[in-house]
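Q: Please take a close look at a single part of this model and describe how that part is placed among the elements around it. A connected account, moving outward from one position to the packing of the helices and the nonpolar core, would be welcome.

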Amino acid sequence: MNPNISKSIFAGILATVAMTIIMLMAPNIGMPEMAPWKLLSGAMGVSIIVGWVLHFVMGILFALGYSYVFAPHINIQNSWLKGVLFGIAAVVIAQIGMKILGMIFEMPPMDGTMPMRLIAMLVGHIVFGLVTVKTIEK
């Protein structure tokens, strides 16, 4: 396997774990519950295990997207800034994906107000972006 692909897959898994820890802590620090595995499994009417698998598959796909789409077109030397920008881009892409998913499936209700959900999504995805960039560019 191509070493860049292996590194991207590893980064996707590691970044998804980091983001998931933030998501699991969210309700204890005043943020709304963020559980994409529940959202995905509920919307598609499948097992929560399938939701977890899809959550990690998306993390891997986002990391591959960073390596092969985002990074080659972004000329920023500071990896911290690059991670933050990638995290923000990931939020936008994830929201577009959720909108499309909502057109196909009936989505379960989400917790919290829109501003709090947006802050929570930004925090989680920025952590994801930072871990992805720092792992791949190591």
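A: Val17 has its place in helix α1. In this predicted model, Val17 has a relative accessible area of 37%. That value lies between the limits of 20% and 50%, so Val17 counts as partly exposed. Along the chain, Val17 and Gly59 are 42 residues apart, yet their C-alpha atoms are separated by 9.1 Å.

Ala18 likewise lies in helix α1. With its neighbours within four places in sequence left aside, Ala18 is in contact with Val127 and Val131. Ala71 offers another reference point for Ala18: the two are 53 residues apart in sequence, and 21 Å lies between their C-alpha atoms.

The contacts of Ala18 lead to the packing of α1 with α5. The axes of these two helices come within 8 Å and cross at roughly 150°. Because angles over 145 degrees count as roughly antiparallel, α1 is roughly antiparallel to α5. The crossing of α1 and α5 is right-handed. From α1, the contact draws on Lys7, Ser8, Phe10, Ala11, Gly12, Leu14, Ala15, Thr16, Ala18, Met19 and Ile22. These residues meet Val123, Gly124, His125, Val127, Phe128, Val131, Thr132, Thr135 and Ile136 in α5. Sorted by class, the contact of α1 with α5 has 12 nonpolar, seven polar and one charged residues.

Helix α5 also packs with α3. Here the axes come within 10 Å and cross at roughly 55°, which makes α3 oblique to α5. In this crossing, α3 passes α5 in a right-handed sense. On the α3 side the contact is made by Gly59, Phe62, Ala63, Tyr66 and Ser67, and on the α5 side by Phe128, Thr132, Val133 and Ile136. By class, this contact of α3 with α5 has six nonpolar, three polar and no charged residues. Gly59, a member of this contact, is the residue whose C-alpha atom is 9.1 Å from that of Val17.

Helix α3 packs in turn with α4, at an angle of about 115° and with the axes 11 Å apart. This crossing, too, is right-handed. Phe62, Tyr66 and Phe70 in α3 meet Lys82, Leu85, Phe86, Ala89, Ala90, Ile93 and Ala94 in α4. The contact of α3 with α4 has nine nonpolar, no polar and one charged residues.

Several of these residues recur in the nonpolar core. The largest nonpolar core has 20 residues, of which Met23, Met34, Phe62, Tyr66, Phe86 and Phe128 touch the most other members. Two or more residues each are given to this core by α1 (3–25), α3 (48–70), α4 (79–104) and α5 (114–136). The most comes from α5, with five residues. In soluble globular proteins, nonpolar side chains tend to be buried together.

Among these core members, Phe62 and Tyr66 take part in the contact of α3 with α5 and also in that of α3 with α4. Phe128 belongs to the contact of α1 with α5 and to the contact of α3 with α5. Met34 is in contact with Ile22, Met23, Ala26, Ala120 and Met121, leaving aside its neighbours within four places in sequence. Of these partners, Met23 is itself among the core members that touch the most others, while Ile22 is one of the α1 residues that meet α5.

Technical notes:
Residues are numbered from 1 along each chain as its sequence is written. This is a predicted model: local features need pLDDT of at least 70, side-chain atom pairs count only at pLDDT 80 or more; totals for chains, interfaces and linings use all residues. Side-chain values use heavy atoms; hydrogens and water are left out. A nonpolar core is a set of buried Ala, Val, Leu, Ile, Met, Phe, Trp, Tyr and Cys residues joined through side-chain atoms within 4.5 Å. Buried means under 20% relative accessible area, exposed over 50%, partly exposed in between (1.4 Å probe, protein chains only). Helices (H or I, at least four residues) and strands (E, at least two) are DSSP runs, numbered from the N terminus. Contact means heavy atoms within 4.5 Å. Axes are lines fitted to C-alpha atoms, for helices over the stretch in contact, and angles run from 0 to 180 degrees between N-to-C directions. Angles under 35 degrees count as roughly parallel, over 145 as roughly antiparallel, 65 to 115 as roughly perpendicular and the rest as oblique. A crossing is left-handed if the near helix is turned anticlockwise from the far one by less than a right angle, and right-handed if clockwise. Ala, Val, Leu, Ile, Met, Phe, Trp, Tyr, Cys and Pro count as nonpolar, Asp, Glu, Lys and Arg as charged, and the others, Gly among them, as polar.
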